[in-house]
Amino acid sequence: MTAKFVLTRKKAENLAGDMLACCFEHDKKKKTLNAYGGMEKTIRTPLIHNDFYGKTGSSLLLYPDSGVKSAVKCSRLLLAGLGLKNPKDKDEARERCRSCGGVIAVAAGKHKVQRLAVILPEVRGLKAEEVLECLVEGLLLGGYRFHKYKKAEKNGDEPVAIREIHIRIPVDVKNLRNGLARGKNAAEAGMQARDMANEPGNGWTPASFAKFGRMLAKRYKLNCTVLEKKDMKAKKMGGLLGVNQGSAEAPKLVILEYRASAKAQTILLVGKGLTFDSGGISLKPGAGMQDMKYDMCGGAAVLSMMQAVGAEEPDVNVIAIVPATDNMPGGSALKPGDIVRHYGGTTSEIINTDAEGRLILADALAYGIENFKPDCVVDLATLTGAVIVGLGHHRTGLLGNNQKLVKRLLAAGKRAGEPLWQLPLDKEYVKQIESDVADIKNTGGPAAGTITAAAYLQTFVGDTPWVHLDIAGTAWNFTKKSYIPKGPSGTGTRTLVELVRSWKKMNP
Ligand code: BES
Ligand code: MN
Ligand code: ZN
């Protein structure tokens, strides 16, 4: 359960709880010191000794009851660094607030804080509601833990969740409530995606995606449809069926629809929901194979973001599709050399059964575009190891066929603190996936693996404006940040939430 937030106008010295957090901008001259009125004495000493001056990621814990108890009612006082010495732009300022929220959450977790109080800082260039939004995002995302499968420890080491967060605000305006709601919705969607990914392959199956979709449809104004294996056969989805052939687990294709209005534009989101990727007959090496339970992070992002869409009801139609299966080397598994026929008729020669993500995405893209006639498509997938070689764990790879849409995604990712980087998709790369026996083949050789994978997907989107995000490097092991724990990051979820929130009609 996530913490309960209370916005309050109480004076800092009247806030009670287990910890009071104050955020400071990077300020070696300590000009901001006076802003904390009655608490000035308590925080002056560490500032004078330069033990803390607001650097990003830094914090200092004080126990104020030794001497000046009257100034601070909370048993602990945390000074947390906002950084923010000349932020490049608004997005960087937002990221600093998020990061500061994460620092506070980590310290609160360490000291088993149940009642946290935070003074909303003023940040140059950002409205108070935006500071609140990002701080709340950081507080929630930074406090995220997954211990479902761990025995409750008896030695007092068990993690304690924050129950209440009181935030002191300067003025009680409606906008601040909106900021709080936005921060919560985005963070909760991101944490939902992490929860799905943290589940092991035997805990999160294709059926789990279907169950989650149906649950969201009950809770919000969403419609959920699940295509079963027999429906896939009727619709001739040879890619998804082919990848599933070697598995004991039934495939599912989950569709969640949000309808704003008949005249609104439609965004189609497709996420790779590969619940475990063994490689199939082209078996992966054993070392590190356990991480392939994360191969469903694209699907997790697109279904989880629908939770925020359900809560916020934006003015654009959003359809999320997740083709879900695992990729196993069973006796009836797909073999190198096999040819599959996708939804819509295009055939693929299988060179490597480990290039399975594109096979299931092909069906989902073709099906989604034909049936929902979207104005644009965005797909997310942990698609290639090559994107890690190219971009490491700091940026998601982005490729697309429409620069207007590309720009929107680059902007949404930057705003969400999930940076993207565009790779080229010239027609020369398409040559690498030409097949002698089928329309295309499913690998393009060792060169430019991320690009040839995207070139493969492009075959199935036609002229529809489309962007592909390869999140193989960022879905887990993402850049170390205070609000990104070890394990799955939930990357892409908040980028999509931003894309939808800021949607304006687009002419292709
Ligand atoms: N799920 C993997 C991609 C992956 C690799 C994600 C490492 C995260 C970390 C994907 O299905 C895959 O196996 N891709 C192959 C494609 C190749 C056979 C053309 C790859 O990248 O090696
Ligand atoms: Mn694979
Ligand atoms: Zn895979």
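# Two metals and their neighbourhood

Tutor: Both D277 and E356 are buried.

Student: What makes D277 count as buried?

Tutor: Buried means under 20% relative accessible area, exposed over 50%, and partly exposed in between (1.4 Å probe, protein chains only). D277 has a relative accessible area of 3%, so it is buried. Before we go on: this is a predicted model, where local features need pLDDT of at least 70 and side-chain atom pairs pLDDT 80 or more, while totals for chains, interfaces and linings use all residues. Residues are numbered from 1 along each chain as its sequence is written, chains are lettered from A and ligands numbered from 1 in the order in which they are written, and side-chain values use heavy atoms, leaving out hydrogens and water.

Student: How do you know which residues coordinate the zinc ion (ligand 3)?

Tutor: Donors are N, O and S atoms within 2.8 Å of the metal (3.2 Å for Na, K and Ca); water is not among the atoms, so sites may look incomplete. K272 (NZ), D277 (OD), D295 (OD) and E356 (OE) coordinate the zinc ion (ligand 3) at 2.0 to 2.4 Å, so they pass that cut-off. Along the chain, these donors are spaced K-x4-D-x17-D-x60-E.

Student: Why is the arrangement around the zinc ion (ligand 3) called octahedral?

Tutor: Six donors count as octahedral if opposite donors are over 155 degrees apart and all others between 65 and 115; four count as square planar on those angles, or as tetrahedral if all angles lie between 85 and 135 degrees, and anything else is irregular. The zinc ion (ligand 3) has six donor atoms with angles of 77 to 174°, which makes its arrangement octahedral. D277 and E356 also bring together distant parts of the chain: D277 is in strand β10 (residues 273-277) and E356 in the loop between β13 (347-349) and α9 (357-372), 79 residues apart.

Student: And what are the protein donors of the manganese ion (ligand 2)?

Tutor: D277 (OD), D354 (O), D354 (OD) and E356 (OE), at 2.0 to 2.2 Å. The site of the manganese ion (ligand 2) also has six donor atoms, but with angles of 69 to 167° it comes out irregular. D277 serves as a bridge between the manganese ion (ligand 2) and the zinc ion (ligand 3), which sit 3.1 Å apart. D277 is in strand β10 and D354 in the loop between β13 and α9, so the pair ties together parts 77 residues apart in sequence.

Student: How do you know that β12 and β13 pair?

Tutor: Two strands pair if DSSP finds at least two bridges between them. β12 and β13 have three bridges, in the antiparallel sense, so they qualify. Strands here are DSSP runs (E, at least two residues), as are helices (H or I, at least four), numbered from the N terminus. The open sheet of three strands runs β12-β13-β17, with mixed pairing.

Student: Is K505 buried or exposed?

Tutor: K505 has 58% relative accessibility, so it counts as exposed.

Student: Which residues does K505 touch?

Tutor: Not counting residues up to four places away in sequence, K505 touches K263, Q265 and R408, where contact means heavy atoms within 4.5 Å. A polar atom of the K505 side chain is 3.0 Å from the backbone oxygen of K263.

Conventions
A polar contact is a pair of N or O atoms within 3.5 Å; within protein, one must be able to donate a hydrogen and the other to accept it, and residues adjacent in sequence count only if both atoms are side-chain atoms.
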